[in-house]
Amino acid sequence: MMHSDIKSRPEYRALEPDLAGNRHLLVIEGETLQHGRLDALAGTFAPVAGQLQTWLVGAPTAASGLGKVWQLAGPDAVLDAFACASRGFGMGDRLYVQGTEPFLWSVAGAAALIGFGPGQVQLHHAGSLRRRVWCTHCHAFTDGVVTNIVPCGGCGRHLLVRDHFSRRLGAFMGVMVDAEAPGEIPAIEEVFA
């Protein structure tokens, strides 16, 4: 688990079915699946298998023991599926999401739009530590960031990738690294592999 002294930094835990829920939706980003991980998830969710629906996103893997399984092409398909299913989820339903941080927060944001409250959603980080960075200057997003300093995809400024995380934006904050000393860029290091 990732740890930070920054209070905005999300803390994730292993997914665990909420037995008080009526229906359960498990959304898994395919790139985070490791050999045997589906079997472990099937065991974890066995108590709610009859009420479980699983969306495998970008995963050509077959799954058993995870309720009714749907294969979705990518993250955009998840957002479309939520838009189509907006009348299908209610107060007693639970959402469990496993994936990389940008994936988790895009799914959580889409779920919030159709009425899932924070108490109904569990997020589990798995896979790459790559970050999505939001530029505090031009408000553009830069995805797949692995270094401590990155050129902004919008304005081109060199951004220091802070550990401050915005749940609303689903991204880490990026601030101009050479604002006080133009042109003085510290060493760029790969830190989020």
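This tour moves from the whole chain to its two sheets, its nonpolar cores and a few individual residues.

**The whole chain**

Begin with the full protein chain displayed as a cartoon, bearing in mind that the model is predicted. The secondary structure comes to 3 helices and 10 strands. Followed along the sequence, these elements give the pattern β-α-β-β-α-β-α-β-β-β-β-β-β. Along the principal axes, the C-alpha atoms fill a box of roughly 60 × 35 × 30 Å.

With a surface representation switched on, the chain exposes about 10,100 Å², of which carbon and sulfur atoms supply 53%. Of the 193 residues, 46% count as buried. If contacts are drawn between residues at least 6 apart in sequence, 63% of them join residues at least 24 apart.

**The parallel sheet**

Select strands E1 to E5 next. These 5 strands form an open sheet in the order E3-E2-E1-E4-E5, and the pairing is parallel. Strand E3 (68–72) and strand E5 (121–125) stand at the edges; each has a single partner strand, so one side of each lacks a neighbour in the sheet. Neighbouring strands here are turned by 15° against each other on average, direction ignored.

Within this sheet, isolate residues 24–29, strand E1, together with residues 52–57, strand E2. The two run parallel and are joined by 6 bridges. Leu 25 stands opposite Gln 53 of E2, and Glu 29 has Val 57 of E2 as its bridge partner.

Now keep E2 and add E3. This pair also runs parallel, with 5 bridges between the strands. Gln 53 appears again here, standing opposite Lys 68 in E3. Colouring E2 by accessibility shows a mostly covered strand, with 5 of its 6 residues buried.

**Leu 72, in an edge strand**

Select Leu 72, which lies in strand E3. Is this residue buried or exposed? Its relative accessibility is 17%, so Leu 72 counts as buried, the cut-off being under 20%. Leaving aside residues up to four places away in sequence, Leu 72 touches Trp 55, Leu 56, Val 57, Gly 58, Ala 77 and Val 78. For a distance across the model, pick the C-alpha atoms of Leu 72 and Arg 168: these residues are 96 apart in sequence and 24 Å apart in space.

**Helix H3 and Arg 9**

Add helix H3, residues 101–113, to the parallel sheet. This helix lies across E1, E2, strand E4 (94–99) and E5, and runs at about 160° to E4.

Next, show the side chain of Arg 9, which is placed in the segment before E1. Arg 9 counts as buried because its relative accessibility is 7%. Which side chain does the side chain of Arg 9 meet in a polar contact? The partner is the side chain of Glu 101, at 2.8 Å.

**The nonpolar cores**

Display Val 27, Phe 82 and Leu 95 as spheres. Among the 33 residues of the largest nonpolar core, these three touch the most other members. At least two residues of this core come from each of E1, E2, helix H2 (75–84), E4, H3, E5, strand E6 (131–135) and strand E9 (158–166). Which element supplies the largest share? Helix H3 does, with 7 residues.

Centre the view on Val 27 and expand the selection to its contacts. Residues up to four places away in sequence excluded, Val 27 touches Trp 55, Val 57, Val 78, Leu 95, Tyr 96, Val 97, Gln 98, Phe 103 and Val 107. A second, separate core has 14 residues, including Phe 45, Leu 52, Leu 56 and Leu 66.

**The mixed sheet**

Finally, select strands E6 to E10. These 5 strands form an open sheet with mixed pairing, in the order E7-E6-E10-E9-E8. At its edges are strand E7 (141–145) and strand E8 (149–151), each paired on one side only. From one strand to the next, the twist averages 45°.

Close in on E6 and E7, which run antiparallel and are joined by 3 bridges. The last pair to select is Trp 134 with Phe 141: Trp 134 stands opposite Phe 141 in E7.

Key
Residues numbered from 1 in each chain as written. Predicted model: local features only at pLDDT ≥ 70, side-chain atom pairs only at ≥ 80, totals over all residues. Heavy atoms only, no water. Pairing = 2+ DSSP bridges. Helix = DSSP H or I, 4+ residues; strand = E, 2+ residues; numbered from the N terminus. Axes fitted to C-alpha atoms, helices over the stretch in contact; angles between N-to-C directions. Contact = heavy atoms within 4.5 Å. Buried < 20%, exposed > 50% of the residue type's maximum accessible area, 1.4 Å probe, protein only. Polar contact = N/O pair within 3.5 Å; in protein donor to acceptor, adjacent residues only side chain to side chain. Core = buried A, V, L, I, M, F, W, Y, C linked by side-chain atoms within 4.5 Å. Areas by Shrake-Rupley, 256 points an atom, 1.4 Å probe, with all protein chains shown as cover.
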